Amino acid sequence: MVLILCAGIPAVSAIGGDQGWYRVHCNIDGADVYFDGQYKGTTYGGTLDVPVYSTATPFKAVRVEKSGYQAYSSTLPSQPGAGETRDVYVTLQPVETAGSIYVTSSPSGAAIYLNGNYRGVAPLTIKNLAPGTYSLEADYSGYQSDLATVTVRAGQQSDVRFTLKPIQQYGSVKISSNPSGAYVYMDGAYKGRTPLTLNSVSAKNHIIELDLAGYYDWKTTISVASGVTRYVNAQMAPLPSETTGAIDVVSYPAGADVFLDDKYQGKTPSAGVLTISNVRIGSHTVRVALSGYQDYTTSVGVSGATTSHVTAALQPGQPTSTGSIAVTSSPSGAEIYIDNAYKGITPLTIDGVAAGTYAIRVALAGYNDWSTSVHVGSGSTASASASLTPVSTPTAKAGMAPFAVVGALGLLGLLVALHRRD
């Protein structure tokens, strides 16, 4: 056998006697080999032969090192006997010099920026990053952006999770009531008295409640959208008294116009009833009209502090001789009166109006009343568009007061002169 010389190993003239060898096979040249912590040489040409005496204390462990690679350690196989060779196989792995970042977001799909540069959408793994500190930003439409700072270490993955908060959006709500002066509560919190405008209302569903002495409480749910003004008009129903009563009206199908003694009262709702309050005691005529159906007319007796009920099952038939009145105003939110009867808030279309001529009046606090007349034809819609003008405040004209004083003094002098003549 021929002995292979390696750096750090003394030359041996011949293999034999009580010597054996460990042959270390390594995938990297220039790796340092240690037996039980004793340096034995450096690999060259893929191997290193380490002589040992078969009669000496056996070596137990081998360690192989090279800069830029992970150190290798293992237990040595049994010590070779005289003239024998034991093979030891070593594979060195390079030391990782880069790290990575794993990014997730809630909601998923946020755009991720690393040091201001777009890298993709979460969930996302950003690889091959040099060790150091980086800034991360997550951006998602409708949510507030979020920032994070992360440290990257060689051979490690850093995890970052963004929990994004929705951007709060707002709208407005204008609330009126008939009669006005009702206490307004939104989601249980007192807000003021009608008429009332609420700004910066979060864009979601809200519960509106109105309370006014002598009237039933009024409640509804509204949906507020960002940048949009919602209008709420509450027709407050008086509590029953001994001199008046009420009439509940329901129709099938719903959405019909209701008239009490030929005066318009409103439409039957899709759920619940239309309540006509503060009806004087006695007999009254209720008419229910819906386009495409025959009018339903009945006589109703009203007693004090009681509620009478009308259920109108409408029958299909020829359209009645009614039309509609569409009323708009600038600014909107004005009260509408037809023949001095309150109908609602602009913009509003009133259906089921009997053919004929009607007086329209539009009123809004701080503006001059606007009036016109319209003619309603059968099956047609009459329009009234009110352009309201602000109420002007008169101002005194400069220079009038001195002239008024002079005139008064002159008149006084004339009266004194006439008195002396007498």
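Which residue stands opposite Tyr337 in β31? I will start there and work outward. Tyr342 is the residue in β31 that stands opposite Tyr337. The model is a predicted one, so let me put the confidence next to the geometry as I go.

The two strands behind that pair are β30, residues 335-338, and β31, residues 341-345. They pair in the antiparallel sense over 4 bridges. Together β30 and β31 make a hairpin, with 2 residues between the strands. One residue to look at in the turn is Asp339, which has a positive phi of about 50 degrees.

β30 also pairs with β33, residues 356-363. Those two strands run antiparallel and are joined by 4 bridges. Glu335 has Ala363 as its bridge partner in β33. As a general point, strands of a sheet pair through backbone hydrogen bonds, either parallel or antiparallel.

Now the packing in this region. The largest nonpolar core has 19 residues. The members that touch the most other members are Ile325, Val327, Ile338, Ile360 and Val362. Two or more residues come from each of β29 (322-330), β30, β32 (348-354), β33, β34 (370-376) and β35 (381-387). Take Ile338 as an example: leaving aside neighbours within four places in sequence, Ile338 is in contact with Ile325, Lys343, Ile350, Tyr358, Ala359 and Ile360. Apart from this core lies another, of 18 residues, including Leu114, Ala122, Leu124 and Tyr134. In soluble globular proteins, nonpolar side chains tend to be buried together.

Next, a sheet from another part of the chain. This one is open, with 4 strands in the order β10-β9-β12-β13 and antiparallel pairing. Which strands are at the edges? β10, residues 117-121, and β13, residues 146-152, each pair on one side only. From one strand to the next, the twist averages 30 degrees. Within the sheet, β12, residues 132-139, pairs with β13 over 7 bridges, in the antiparallel sense. Thr133 has Thr151 as its bridge partner in β13.

On to charges. Searching the whole structure gives 7 salt bridges. I will go through three.

The first joins Asp49 and Arg23, at 2.7 Å from N to O. Asp49 is in β4, residues 47-53, and Arg23 is in β1, residues 19-26, so distant parts of the chain are linked, 26 residues apart. How accessible are the two ends? Asp49 is at 4% relative accessibility and counts as buried, whereas Arg23 is at 23% and partly exposed.

The second joins Lys267 and Asp257, at 3.1 Å from N to O. Lys267 lies in β24, residues 263-267, and Asp257 in β23, residues 257-260, so the pair ties together parts that are 10 residues apart in sequence. Lys267 is partly exposed, at 33%. Asp257 is buried, with a relative accessible area of 3%. Salt bridges with shared partners also bring in Asp351, joining Asp257, Lys267 and Asp351 into one network.

The third is between Arg361 and Asp369, where the closest N and O atoms are 3.3 Å apart. Arg361 is partly exposed, at 25% relative accessible area.

One more acidic residue, Asp211, in β19, residues 205-211. Is Asp211 buried or partly exposed? Asp211 is partly exposed, because its relative accessible area is 32% and the cut-off for buried is under 20%. Asp211 and Tyr183 are 28 residues apart in sequence, yet their C-alpha atoms are 5.0 Å apart in space. Outside four places in sequence, Asp211 is in contact with Ala182, Tyr183, Tyr185, Asp217 and Met236.

Last, confidence. The average pLDDT for the chain is 86, and 88% of the residues score at least 70. Among the elements, β2, residues 32-35, has the highest mean pLDDT, at 96, and helix α1, residues 400-421, the lowest, at 45. Two stretches fall below 50. Residues 1-16 are one of them, and this stretch has 29 contacts in the model beyond near neighbours in sequence. Residues 396-422 are also below 50, with 0 such contacts.

Note on methods. Residues are numbered from 1 along each chain as its sequence is written. This is a predicted model: local features need pLDDT of at least 70, side-chain atom pairs count only at pLDDT 80 or more; totals for chains, interfaces and linings use all residues. Side-chain values use heavy atoms; hydrogens and water are left out. Two strands pair if DSSP finds at least two bridges between them. Axes are lines fitted to C-alpha atoms, for helices over the stretch in contact, and angles run from 0 to 180 degrees between N-to-C directions. pLDDT is the predictor's confidence in each residue, from 0 to 100. Contact means heavy atoms within 4.5 Å. A salt bridge is a side-chain nitrogen of Lys or Arg within 4 Å of a carboxyl oxygen of Asp or Glu. Buried means under 20% relative accessible area, exposed over 50%, partly exposed in between (1.4 Å probe, protein chains only). A nonpolar core is a set of buried Ala, Val, Leu, Ile, Met, Phe, Trp, Tyr and Cys residues joined through side-chain atoms within 4.5 Å.
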